[in-house]
Amino acid sequence: MKKIVTKSVLFVCLGNICRSPLAEAALRAEAARRGLEIEVDSAGTSDWHIGKAPDPRAQAVALRNGVDISSYGARQVCAADFTRFDHIIALDTNNYADLEALRPDDATAELSLLLDHVPGRAGQPVADPYYGDDAGFDITWAEVTEGAKGLAELISR
Ligand code: 4NP
């Protein structure tokens, strides 16, 4: 019988227009492949891009990998997210530090770095592709896909 697991995961980067929407897309795809029920969302630590769609380069790399993220809209992470989600996953160490500072006393969410869920890569950041070229976004996609696989494993365990 198929195991139904309902967990919720929030990915957080700086702008919520490059890395965390790609992580959101990758985990949605991985959950669908495995038949897992996971509630997935993403947010930014900054308020710079609230309401905007993902960066065109992020949309393009997602499409190249079969996922349309054009309807995603950026939002800023907030204290309530720490009780709403089971897991809050930071894309890099700055995001992690910002989230620790925001974490309220009654937080129930487990905070980790995305690559903590990839064997041999614990503690490592997903590099910010924003100031780079398209090739950087392919690396981001590969990294968030690995992270999504590890997370899906953790959740289905
Ligand atoms: P993200 O990338 O945190 O992966 O969404 C960035 C997006 C925007 C900026 C920096 C990083 N920015 O400086 O506007």
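## Exercises on a predicted model

**Exercise 1.** Classify tyrosine 131, at 73% relative accessibility, as buried, partly exposed or exposed.

*Solution.* Tyrosine 131 counts as exposed, because its relative accessibility is 73% and the class begins over 50%. The model is a predicted one. Tyrosine 130, at 31%, counts as partly exposed.

**Exercise 2.** State how many aromatic pairs the structure holds, and determine the geometry of the rings of tyrosine 130 and tyrosine 131.

*Solution.* One aromatic pair is present. Its members are tyrosine 130 and tyrosine 131, with ring centres 4.9 Å apart and planes at 85 degrees. Planes over 60 degrees apart count as edge-to-face, so this is the class of the pair.

**Exercise 3.** Describe the largest nonpolar core and identify the element that gives the most to it.

*Solution.* This core has 34 residues, and those with the most contacts inside it are Phe11, Leu22, Leu27 and Trp141. At least two residues come from each of β1 (6-13), α1 (19-34), β2 (37-44), α2 (56-64) and α5 (134-156). The element giving the most is α5, with seven residues. Separate from this core is a second one of 12 residues, including Val12, Phe82, Ile88 and Leu99. Beyond four places in sequence, leucine 22 touches Ala58, Val61, Ala62, Ile69, Phe137, Thr140, Trp141 and Val144.

**Exercise 4.** Locate aspartate 92 and describe its surroundings.

*Solution.* Aspartate 92 sits in the loop between β3 (87-90) and α4 (93-102). Its relative accessibility is 11%, so aspartate 92 counts as buried. A polar atom of its side chain lies 3.0 Å from the backbone nitrogen of asparagine 94. Apart from neighbours within four places in sequence, aspartate 92 contacts Arg19, Leu113, Pro125 and Val126.

**Exercise 5.** Set out the salt bridge of glutamate 30 with arginine 33, then those of arginine 84 with glutamate 39 and aspartate 41.

*Solution.* The whole structure contains 16 salt bridges. Glutamate 30 and arginine 33 meet at 2.8 Å, N to O. They are three residues apart in helix α1, which means a separation of about one helical turn. Glutamate 30 is buried at 5%, whereas arginine 33 is exposed at 59%.

Arginine 84 meets glutamate 39 at 3.9 Å, N to O. This pair joins helix α3 (residues 81-84) to strand β2 across 45 residues. Arginine 84 also bridges to aspartate 41, with the closest N and O atoms 4.0 Å apart. Aspartate 41 lies in strand β2, so that pair ties together parts 43 residues apart in sequence. Aspartate 41 is buried at 18%. Through shared partners, salt bridges join Glu39, Asp41, Arg75, Asp81 and Arg84 into one network.

Methods
Residues numbered from 1 in each chain as written. Predicted model: local features only at pLDDT ≥ 70, side-chain atom pairs only at ≥ 80, totals over all residues. Heavy atoms only, no water. Helix = DSSP H or I, 4+ residues; strand = E, 2+ residues; numbered from the N terminus. Buried < 20%, exposed > 50% of the residue type's maximum accessible area, 1.4 Å probe, protein only. Polar contact = N/O pair within 3.5 Å; in protein donor to acceptor, adjacent residues only side chain to side chain. Contact = heavy atoms within 4.5 Å. Phe/Tyr/Trp six-rings, centres within 6.5 Å; stacked < 30°, edge-to-face > 60°. Core = buried A, V, L, I, M, F, W, Y, C linked by side-chain atoms within 4.5 Å. Salt bridge = Lys/Arg side-chain N within 4 Å of Asp/Glu carboxyl O.
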